[in-house]
Amino acid sequence: MNRTPAARLRAALASAVTAGLALLTVAAPAHAAGGAPTTPTDLYNDYQACSTDQARPHYGTGRAGITVEGIPGHTDPGVQWVTAQYRAWPLSDPSQVVTAERPYSFTGNEAVATLGGYGNPLRDGETYAWQARTLDPGSGAASDWTAPCYVTTDDTFPNAEPTVSSPNYPTGQANQGGAPITLNFGANGVSDLAGYAFTWSGSFPIAGGATIGEHGIPVYHDPFETSPNYFVRASSLGGPATVSVIPPVNSGFLMLRVAGLDRSLNMGPATTYYISVKPDAPTVTQVSNSPQYGKPATFKLTPDPGVQAVSPVVSYTVHHFGQTRTESTVPASAAGIAELKVTLDSPYGESLLVTSTSANGWVSQQQWWRTDGDAAAPTVSSDVYPEDAAGGGVGVPGTFTFTPKVKGAVSYTYSVNWGAETTVPAGGRGEAQISWTPTESGWYALEVHGTTKDGLQTPPAYYYFTVN
């Protein structure tokens, strides 16, 4: 916790600002009975600890004003509410004083106010000194002013796109994936660039912000320290930066956007860097018999050779899209190979989506394995009424044979032209036959699904034919 000691305004500045401070000047009586207000501590501007070194000011934007805060106090524990007062002036013209106050501030907690702002913006490119003090509104007594803090305003955005290059993933060619991507950023002549923002998603995250802790004390989130996947500090002001990153999603065609940030976190124009990655998805091979609905199937997962050569694959992430969606991680052998057993539980088709993860964190492109509902639907055939053709006639009976594609079929349920359903038992081999006689000529549709001994219902088969 940073605390700023109480101190009187330096004599050299006192005479220069006296005229502009009339609004905040209070004739403080001698120590009144019941105690006196104390000089604020824990001074922050824009949620960062203030700088008392004029040569190293905090940088912030002045267009919306500067958010300032400090913890006011009082020697009388019975006094809970005071007024926190703030004043600021440009060092180039100390007579131009800007004031703000926060009445009904709770002693012992940060009191926030804004110096300047919309309608009264602070000057761009100026260094301001600011101070705080505590006022007891009951007695009119005021504490000493704090030692000055220093802020330089910067509302001028970087005016050039940064440069981007990569020694191991150059743009304009297909690159073997598997290694982290090294990226070199350059300021492109912007002398006050403090760092760079980069994103794979197209939109940049917000830089900065704070978490408010005990007594309202902010904990600033320096983007260059807390978000290394999106921000990197320049090696020096206006200098380059280098990062080594793994893209969150490897689609094979990567688009990186990069923009420069000055010391006030003003963001300049963005540039786009394109990376092409050769196909590097793993191979998914079914090694068991034809997938049976409701039964486990075995798959072999094999890494892309190029990825495996760069850094061994240690696991696979498998998304199974069946009756429900599940995600699992399958460990790989030293050779990067894994075996996966999945119960195929959807009668309407299902799929696996597989990616590999290497020891260095590289995630491969996606590999799909799919089966559709036709794989479990029964087969329909007829000796008199062939599929998608004309046959038979009015009053001519026809035999329709239902043949299973899954094991354990015990019955079939069918309907003609989506009329009433009829269920018939299956024979010893899971087959069934029905005899049907049309009463009218024309186009017909036969719909049939099977039921297994486990109670599982297959997807329907549709058989279309025409009666002469």
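Contact here means heavy atoms within 4.5 Å. By that criterion, and leaving out residues up to four places away in sequence, Phe185 touches ten positions that are named below. The model is predicted. The largest nonpolar core has 40 residues, and a single disulfide is counted. Among the sheets are an open one of 5 strands with mixed pairing and an open one of 3 strands with antiparallel pairing.

**Nonpolar cores**

- In soluble globular proteins, nonpolar side chains tend to be buried together.
- The largest nonpolar core here holds 40 residues.
- Ile181, Leu183, Phe185 and Tyr196 have the most contacts inside this core.
- Phe185 touches Thr163, Val164, Tyr196, Phe198 and Val232, and also Pro240, Ala241, Val243, Leu256 and Val258, with residues up to four places away in sequence not counted.
- A second core, separate from the largest, has 20 residues. Ala377, Tyr385, Val448 and Val467 are included in it.

**Disulfide**

- A disulfide is a covalent bond between the sulfur atoms of two cysteines.
- The model has 1 disulfide. Cys50 and Cys149 form it, with an S to S distance of 2.2 Å.
- Cys50 sits in the loop between β2 (48-49) and β3 (58-60), while Cys149 belongs to strand β9 (residues 149-153), so the pair ties together parts that are 99 residues apart in sequence.
- The torsion about the S-S bond is about -40°, so the disulfide of Cys50 and Cys149 is left-handed.
- Both Cys50 and Cys149 are buried.

**Five-strand mixed sheet**

- This open sheet runs in the order β3-β9-β8-β5-β6, with mixed pairing.
- β3 and β6 (98-106) are at the edges and have a single partner strand each, so one side of each is left without a neighbour in the sheet.
- On average, neighbouring strands of this sheet are turned by 30° against each other, direction ignored.
- Strand β5 (residues 81-90) pairs with β6 in the antiparallel sense, over 7 bridges.
- Ala88 stands opposite Val98, a residue of β6.
- Strand β9 of this sheet also carries Cys149 of the disulfide.

**Three-strand antiparallel sheet**

- The strand order is β27-β29-β32, in an open sheet with antiparallel pairing.
- β27 (379-382) and β32 (432-436) are the edge strands, and each pairs on one side only.
- Neighbouring strands here are turned by 25° against each other on average, direction ignored.
- β27 and strand β29 (residues 398-403) run antiparallel and are joined by 4 bridges.
- Ser382 stands opposite Phe400 in β29.

**Pairings of β21**

- Strand β21 (residues 296-302) pairs with strand β20 (residues 283-286) in the antiparallel sense over 4 bridges.
- Lys300 in β21 is the bridge partner of Thr285.
- β21 also pairs with strand β24 (residues 338-343), again in the antiparallel sense, over 6 bridges.
- Thr298 stands opposite Lys341 in β24.
- In a regular strand the side chains alternate between the two faces of the sheet.

**Gln308**

- Gln308 is part of helix α3 (residues 305-310).
- Its relative accessibility is 18%, so Gln308 counts as buried under the 20% cut-off.
- The Gln308 side chain reaches the backbone oxygen of Ala335 at 3.4 Å.
- Apart from neighbours within four places in sequence, Gln308 is in contact with Pro303, Val313, Ala334, Ala335 and Gly336.

**Leu265**

- Leu265 lies in the loop between β18 (253-262) and β19 (267-277).
- Leu265 has a relative accessible area of 23%, so it is partly exposed.
- Between Leu265 and Ile206 there are 9.7 Å in space, C-alpha to C-alpha, and the two are 59 residues apart in sequence.
- Leu265 touches Ala207, Gly208, Tyr220, Pro223 and Phe224, not counting residues up to four places away in sequence.

**Thr452**

- Thr452 is located in strand β33 (residues 442-452).
- Thr452 has 6% relative accessibility and therefore counts as buried.
- Residues up to four places away in sequence aside, Thr452 touches Val406, Lys407, Gly408, Ala409 and Val410.

Notes: Residues numbered from 1 in each chain as written. Predicted model: local features only at pLDDT ≥ 70, side-chain atom pairs only at ≥ 80, totals over all residues. Heavy atoms only, no water. Disulfide = S-S within 2.5 Å. Helix = DSSP H or I, 4+ residues; strand = E, 2+ residues; numbered from the N terminus. Buried < 20%, exposed > 50% of the residue type's maximum accessible area, 1.4 Å probe, protein only. Polar contact = N/O pair within 3.5 Å; in protein donor to acceptor, adjacent residues only side chain to side chain. Pairing = 2+ DSSP bridges. Axes fitted to C-alpha atoms, helices over the stretch in contact; angles between N-to-C directions. Core = buried A, V, L, I, M, F, W, Y, C linked by side-chain atoms within 4.5 Å.
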